[in-house]
Amino acid sequence: MAEVQDLIKKEPSAFSFGKSERKLITDPINDNNPVTVQILGVCSALAVTTLLTKAIVMGIAVTLVTAFSNMFTAMLRDYIPKSIRMIVQLVIIAFLVTVVELALKAVNYPIWKELSVFIGLIITNCILMGRLEAFAMSNNPWRSFLDGIGNGLGYSAILIIVAAVRELFGKGSLLGFKIIGPSAEYVLNTNSISWLNWYTPNNLVILSPAAMFLVAIIIWLQRAKNRKLIDIS
Amino acid sequence: MGDVINIFIKSAFIENMALSYFLGMCSFLAVSKSVKTALGLGVAVVFVQGLTIPMNWLIDYYLLGENGIFGMDLTFLRFIIFISTIAALVQLVEMVVEKFSPSLYNSLGIFLPLITVNCAILGASLFMITKEYNFAESVSFGLGGGVGWALAIVAIAGIREKMAYSIIPAPLRGLGMAFILTGLMGIAFMGLMGIDPAAFK
């Protein structure tokens, strides 16, 4: 009985923000990263990372959808029958993705056009289902919301790292601004001298397999630093 | 007829769902540890994709489109309707297979529910819309995409089985190596891009 009372005491208000809540946000960014440790949501991580802008927009969209779908599922978790919970969860996710997609279409049409089907594919992003099953079905709405934000940020972090490398070395620019490689001026007039001309953009980095290699390198570095994550099997 | 075969070959090899678009990667990386389970999942994907894509085409054309039953543009409902169709169809396939072929059900068992959240299925449904296929073409696109995905996962599983005997730096073992292998296979499949599907007409 004493243990039960302790548990009740430990949760004074629904919106506390203590150490364990902070851990919910910081943990998925490194130690429990959804992409490199839990292997969730890899599909879209590869297709949208050719440009940094696309990756940032995708990261924001996924963070919003994970946070709110976690929260809504946690609110409804006592009313959802076990046998049809997958369909209920999918409908919640699909509703939120539709909202995000229509909002993006209204706010920034060119980016929406470039992301094409990949905004829709957030629905089947395994991060969502994975977190709903593993966390939101057994925690209160506020903690689930924070867990969603944390996992969304962990996913965005990987996306932004991969996209920054791919855009910098593949196109020689970041967020559309020229950083290295020959400028447009040089292409028109090869006599124009600029110290940036030494670099030729590497087309391989733009192709999707390069994203695979980059994620593998991130996994390598992360596990070399954090040896408890190493795969024993 | 030529177009249908053309699309089948294109979606199975040249625009492979797994290796050129990298769709369905979650289950692709998690299940490709042995050839046997990979084959099970591959067959299940061919089955479900072959059914859901034409089904979604019919729903999109006759219910959501402007010349459908309701006579108005309901395409903003696509995501919810498509994912519900896929979930319902997966459930239905599960029940039918369980009833008529318990042995197949036992070998597919765990993978069937997983397929609902396989991006390759929803992705193919959405690509079918953006590419504006007609009904026959969408049937062949669905089957071809499924076959291509199954082929890719079986091939990767074969390589990963052999990989168990190689010496790999500890931090790259398992997942890291799987990523690199998939990337290399992706580059290999790019070699097929030069094929002109029109030659098969």
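**Figure 1. Where chain A meets chain B.** There are 0 salt bridges between chain A and chain B. This is a predicted model, and in it the rule picks up 1 residue pair in polar contact across the interface, with both residues at pLDDT 80 or more. On the chain A side, the elements giving two or more residues to the surface that touches chain B are α3 (42-47), α5 (85-107), α7 (117-120), α8 (126-134) and α11 (208-225). Sorted by class, that side of chain A has 30 nonpolar, 6 polar and 4 charged residues. Each partner puts in its share: 40 residues from chain A and 40 residues from chain B take part in the contact. Together the two chains bury about 3,600 Å², and 84% of that sits on carbon and sulfur atoms.

**Figure 2. The largest pocket, lined by helices of chain A and chain B.** The volume here comes to about 700 Å³. Its lining counts 26 residues, and the ones closest to the centre are E101(A), W112(A), R78(B), I129(B) and T130(B). At least two lining residues each come from α5, α6 (109-115) and α7 of chain A, and from α3 (35-64), α4 (78-100) and α7 (119-130) of chain B. As for chemistry, the lining splits into 12 nonpolar, 7 polar and 7 charged residues.

**Figure 3. The second largest pocket, again with both chains in the lining.** This one holds about 550 Å³ of space. Of its 30 lining residues, M86(A), M129(A), P113(B), L114(B) and V117(B) lie nearest the centre. Chain A brings in α5 and α8, while chain B brings in α2 (25-31), α4 and α6 (111-115), each with at least two lining residues. The top contributor is α2(B), with 5 residues. The class tally for this lining reads 18 nonpolar, 8 polar and 4 charged.

**Figure 4. The largest cavity, with residues of both chains around it.** The model has 2 cavities of 30 Å³ or more, and the largest has a volume of about 40 Å³. From chain A, the lining takes C43(A), S44(A), F118(A), L121(A), T124(A) and N125(A); from chain B come L23(B) and C119(B). That makes 5 nonpolar and 3 polar residues, with no charged ones.

**Figure 5. The second largest cavity, lined by chain B residues.** About 30 Å³ of space is enclosed here. Around it sit F13(B), I14(B), L19(B), S20(B), G186(B), F189(B), M190(B) and M193(B). In chain B, α1 (2-14) and α9 (175-190) are the elements that give two or more residues to this lining, and α9(B) gives the most, with 3. By class, the lining has 6 nonpolar and 2 polar residues, and no charged ones.

Conventions. Residues are numbered from 1 along each chain as its sequence is written. Chains are lettered from A and ligands numbered from 1 in the order in which they are written. This is a predicted model: local features need pLDDT of at least 70, side-chain atom pairs count only at pLDDT 80 or more; totals for chains, interfaces and linings use all residues. Side-chain values use heavy atoms; hydrogens and water are left out. On a 1 Å grid over the protein atoms alone, a cavity is a set of points where a 1.4 Å probe fits but cannot get out, and a pocket is an open set with protein on both sides within 12 Å along at least five of seven lines; lining residues have an atom within 4 Å of a point. Grid points are joined across faces, edges and corners, and a volume is the space filled by probe spheres set on the points. Ala, Val, Leu, Ile, Met, Phe, Trp, Tyr, Cys and Pro count as nonpolar, Asp, Glu, Lys and Arg as charged, and the others, Gly among them, as polar. Helices (H or I, at least four residues) and strands (E, at least two) are DSSP runs, numbered from the N terminus. Contact means heavy atoms within 4.5 Å. Buried area is the accessible area (1.4 Å probe) that two parts lose on being put together, summed over both. A salt bridge is a side-chain nitrogen of Lys or Arg within 4 Å of a carboxyl oxygen of Asp or Glu. A polar contact is a pair of N or O atoms within 3.5 Å; within protein, one must be able to donate a hydrogen and the other to accept it, and residues adjacent in sequence count only if both atoms are side-chain atoms.
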